Amino acid sequence: MASLREIFDGLSKARDPSVDWMELVRDLEAPIALRLPPCAFSMRWAEKADLLAIDAMQGFVKEIEALETGLERGDRCLLLERHGAICAFAWVTFRDVRLSLWHTLRLPPGFAYLVYIHVEPEYRRRGVATCLLGCLMLSLRESGCRRLVSGMYGDWESSIRLHVKCGFRICRRYTERRILRFFPYPPKVTELEE
Ligand SMILES: CC(C)(COP(=O)(O)OP(=O)(O)OC[C@H]1O[C@@H](n2cnc3c(N)ncnc32)[C@H](O)[C@@H]1OP(=O)(O)O)[C@@H](O)C(=O)NCCC(=O)NCCS
């Protein structure tokens, strides 16, 4: 007889594959190529005073208070600046991340999660993100981190390409499902090659 789980699995339908969540991982013990920035940037870690500018760049996705709490709890955000203005940032956390109702990413010691990387539109396609990510990975390695995890939807093509170029590999796919088209159901997890 079919189990309840099998019955629900049978009733569930995968949604559009473009909303599949891809999990990628970078081995920080493997070589990290450092690409020079395309023009003269300065680099520093973000402080509380930078949070409004950072939040505006990502379209106020999070409350400033949430970002502030993140920094207080050990998150780090690497900034690239030019003429005193922030041109790009990469935000990383070392704490577990709740990605959806069903999906919390657990980060063991030595693991970090790249929450967001952003380059201002006028600086894109010139190697800025590659440079920023390379510097971030080297700094994480120096502080004892062994893996950098990242995640994004399957149709974020430019971001996936950036990650693969920087040495990440896609390790897991989470396929969203709904029962009777409406009710959320735990995603199907597919392990991808090592
Ligand atoms: C994704 C993003 C960070 C890339 O920044 P960038 O400085 O333009 O990236 P780089 O110039 O270093 O490009 C690195 C690689 O990414 C890929 N890439 C970047 N932009 C791309 C685009 N528009 N289309 C296709 N591939 C792209 C390419 O493979 C590129 O390598 P190549 O130039 O040798 O072909 C930037 O477009 C951005 O801020 N987007 C909005 C925010 C976002 O989507 N963040 C990622 C989710 S966390």
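## A hairpin, its neighbouring strand and a ligand shell

In this predicted model, strands β4 and β5 form a hairpin with two residues between them, and His 83, which lies in the turn, has a positive phi of about 50°. That value belongs to a residue that is not a glycine, and His 83 is found in the loop between β4 and β5. A residue is called exposed if 12 or fewer other C-beta atoms lie within 10 Å of its own, and because His 83 has 8 C-beta neighbours inside 10 Å, His 83 counts as exposed.

From the turn, the reader can follow the two arms of the hairpin. Strand β4 and strand β5, the latter covering residues 85-93, run antiparallel and are joined by seven bridges; one pairing to look for is that of Leu 78, whose bridge partner in β5 is Ala 90. Strand β4, which covers residues 76-82, is also joined by four bridges to strand β3, residues 42-45, and these two strands run antiparallel as well. Here Ser 42 stands opposite Glu 81 in β4, so that β4 has bridges both to β3 and to β5.

The ligand leads to another part of the chain. It is surrounded by 19 residues, and the closest of these are Arg 124, Ala 129, Ser 158, Arg 161 and Leu 162. Strand β8 (111-119), helix α4 (128-142) and helix α5 (157-165) each supply at least two residues of the shell around the ligand, and α5 gives the most, with six residues. In character, the residues of this shell divide into eight nonpolar, five polar and six charged.

Between two of these elements, β8 and α4, lies a loop that holds Arg 125. Phi of Arg 125 is near 60°, a positive value in a residue other than glycine. With 10 C-beta neighbours inside 10 Å, Arg 125 falls under the cut-off and therefore counts as exposed.

Seen as a whole, the protein chain has five helices and 11 strands, and its C-alpha atoms fill a box of roughly 65 × 35 × 30 Å, taken along the principal axes. Buried residues make up 23% of the 194 residues in the protein chain. Among the contacts between residues at least 6 apart in sequence, 67% join residues at least 24 apart.

Technical notes
Residues are numbered from 1 along each chain as its sequence is written. This is a predicted model: local features need pLDDT of at least 70, side-chain atom pairs count only at pLDDT 80 or more; totals for chains, interfaces and linings use all residues. Two strands pair if DSSP finds at least two bridges between them. A residue is near a molecule or strand if its C-beta atom, placed from the backbone, lies within 6 Å of it. Ala, Val, Leu, Ile, Met, Phe, Trp, Tyr, Cys and Pro count as nonpolar, Asp, Glu, Lys and Arg as charged, and the others, Gly among them, as polar. A residue is buried if 20 or more other C-beta atoms lie within 10 Å of its own, exposed if 12 or fewer, and partly exposed in between; C-beta atoms are placed from the backbone. Two residues are in contact if their C-beta atoms, placed from the backbone, lie within 7 Å.
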